[in-house]
Structure formats: structure tokens, C-alpha cells
Amino acid sequence: MASPATDPDEPLTPAGRLFLRQEMNQIIHCIIGVKNPFDIEAVKSQIRDSFLLKHPRFCSLMVVDRHGRERWRRTDVDLDRHLIVIDSPVNSSDSSAGNGDEAAVNEYLAEMSTGSILSPDKPLWEIHLLVAHKCAVFRIHHALGDGISLMSMLVAGCRKVGKPEEAASMGMVVSKKKKRKDNWWEYYWDGIVRLIGVIWFSFVFVVEFVMKLMWVSDRKTVISGGDGVELWPRKLATARFRLDDMKIVKKAIHDAWTIKISRSSNT
């Protein structure tokens, strides 16, 4: 791997530039609860050896060149600036109601989502370890990646429960195979029908989008936000879903795709 000083700057993608705009500035928050207390030194060692510190986006600063264009510039990562350890319990106004750790973490995350930004003088990610609540909060700027790529990187740092030496995997999407057509003209006709469908529905969706953009707007209600609504106080609510219930829903849907995900644990 080349050193940060010799690596050339890389331009941001259009999506990355959009997420970095002041009007957007989207930060992804991911909460992971653990069963056992944190071993801080073991966590640091795992992060140093993980793919996270090998990923170019997680080792780069966002800089602006002389033409005003945003670019990624490789830099050395100071792990102590990214791993934030909070030993004391997080105060919560709902703790007295018996909600405990869940309410405290939700309130901590709600306050952080409006009152704390990622410092631009370091790569745009942080990991907050709430030791008293046995919880880790990942803060990753959306310009670093989308949900699929970030989840893939997270899974790459996990191991299977029954086989700790093997890396976890998200499996493959299983779908029914289409019946093979014997005649070439069936393939030809099927391709024409699909092409016409793509063109027609694309035209319909574009017209619908333009019409809604020009003439449709949200009606004002008592809960409508005003200027600066993105900075108003927020409160997180947590919903829980049983896997058995999700399986019932999946079985009730005809021809539902199945994604096989192996159980994994973070090492």
C-alpha cells in the first residue's frame, strides 16, 4: 500500500458531493448491543486489524482543491480520535420509567444527531462505546458509502458463532429459475416486450415526477415543520420485531425471495 503522502487525491462521486452539502450532510448512525462488557484494548486491536482501516474512504480527509472541487486525500488515522469511550452511564429523562439502557441510548443518539457533527479534520467516522450500557454507536458519514457497502464491511469483521475461524457471510439471494425457451424467436420477442415496457414505464414515471414536482405539495398541518426544522429537538422510538413473525409474513408472500444470513458474532 502506498503511503498517504504519495497517494493521489480522488474526486468525490456525485452522490458523495450531494451528501456533503450543508442542506443534506447525512450521517448514518448504527447501534450494536453486546452481551459481555467491553474490553477496550481488544476492541482497539480488532479495529486496527479490520478492513475498516484498510478502506480508502475511512483513511481519507475530505479536502477542497484550488478549483473548489471536493476530493479525498489519504491520511494517517489516529484511532484514539475516532474511538470515543464513555464509561459513565448516559443520563436519560425516561430512565425512571423503567426503560433503562434503551431509553438512555435513544436519547443520547437523538441529541447527537442534531447537536454534533463529524469534524472535517479527520476521516468522517466515529465509534462511540457506551461502556455502562454495553452498546456501540457507529457514526459514519453517508459520503463514505451506502447501506449495502457499509453492511458488507461490518459483516467482513465478524466471525461465525460455531466456527470462529471462518468469516461470516450474508449468503445469496435465492430465486426461482425461469423456464428455458426452446425457440430463438421467443427470446427475440421477449426482449422486444421488455424493452417496450422499460421505455413506457420510464416515460410514465418521469412525467409523473415532473407533474408532482410542479403542482403537488404537502398540505400544512399542526405538525408541519418550519424553517430550521432539521435542528428541532428529536426523540428516537424503538420498535422490536420477532424473527418468527417476519418468517410468517415471508411465507404468506407468494414467490418471496429468501436471503440466507448466517449467524455471526463480532470478535
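Which residue in β6 stands opposite I84? It is H128. Keep that pair in mind, as we will build outward from it. One caution before we go on: this is a predicted model.

Start with the strands around that pair. β5 and β6, the latter covering residues 125-130, run parallel and share four bridges. They belong to an open sheet of four strands. The order is β2-β7-β6-β5, and the pairing is mixed. Which strands stand at the edges? β2, residues 27-33, and β5, residues 83-86. Each has a single partner strand, so one side of each has no neighbour in the sheet. From one strand to the next, the twist averages 15°.

Now the helices on this sheet. Helix α2, residues 40-48, lies across β5 and β6. Its direction is at about 165° to β5. Helix α4, residues 101-115, also packs on the sheet. It touches β2, β5, β6 and β7, the last being residues 135-141. Against β2, the direction of α4 makes about 165°.

Next, the interior. How many residues does the largest nonpolar core have? The count is 23. The residues with the most contacts inside it are F58, W125, I127, I140 and L144. Four elements give two or more residues to this core: α1 (14-20), β6, β7 and α5 (147-156). A second core stands separate, with nine residues. Its members include A104, V105, L109 and V137.

Look at I127 for a moment. Set aside its neighbours within four places in sequence. I127 is then in contact with I47, H82, L83, I84, V137 and F138. I84 is the residue we opened with, the one opposite H128.

Helix α5 deserves a look too. L150, M153 and V155 are buried in it. The buried residues of α5 pack against β2, β7 and β8, which covers 158-160.

On to the aromatics. There are three aromatic pairs in the model. Take F58 and W125. Their ring centres are 6.0 Å apart and their planes meet at 55°, so this pair is tilted. F58 sits in the loop between α2 and β3 (60-64), while W125 is in strand β6. The two are 67 residues apart, so to speak of a link between distant parts of the chain is fair. Buried or exposed, what is F58? It is buried, at a relative accessible area of 1%. W125 is buried as well, with a relative accessible area of 1%.

The next pair is W200 and F203. Here the centres lie 6.3 Å apart and the planes are at 35°, so this pair is tilted too. Both residues are in helix α6, residues 184-215. They are three residues apart, about one turn of the helix. Why does that spacing matter? An α-helix has 3.6 residues a turn, so residues three or four places apart point the same way. F203 is exposed, with a relative accessible area of 51%, because the cut-off for exposed is over 50%.

Stay with that region of the chain. An unreviewed UniProt entry places a "transmembrane region" at residues 187-210. In the model, that span is 100% helix and 0% strand. Its end C-alpha atoms lie 35 Å apart.

Now the hairpin. β3 and β4 form it, with five residues between them. The strands run antiparallel, joined by five bridges, and β4 covers residues 70-74. L61 stands opposite R73 in β4. In the turn, G68 has a positive phi of about 85°.

Last, two backbone points to check on screen. Most residues other than glycine have a negative phi. Which residue in the loop between α1 and β2 should you look at? N25 lies there. Its phi is positive, near 45°, and N25 is not a glycine. N25 counts as partly exposed, at 33% relative accessibility. The other is K134, in the loop between β6 and β7. K134 has a positive phi of about 50°, again without being a glycine. At 33% relative accessibility, K134 also counts as partly exposed.

Key
Residues numbered from 1 in each chain as written. Predicted model: local features only at pLDDT ≥ 70, side-chain atom pairs only at ≥ 80, totals over all residues. Heavy atoms only, no water. UniProt positions renumbered as here; feature names shortened; annotations may be inferred. Pairing = 2+ DSSP bridges. Axes fitted to C-alpha atoms, helices over the stretch in contact; angles between N-to-C directions. Contact = heavy atoms within 4.5 Å. Core = buried A, V, L, I, M, F, W, Y, C linked by side-chain atoms within 4.5 Å. Buried < 20%, exposed > 50% of the residue type's maximum accessible area, 1.4 Å probe, protein only. Phe/Tyr/Trp six-rings, centres within 6.5 Å; stacked < 30°, edge-to-face > 60°.
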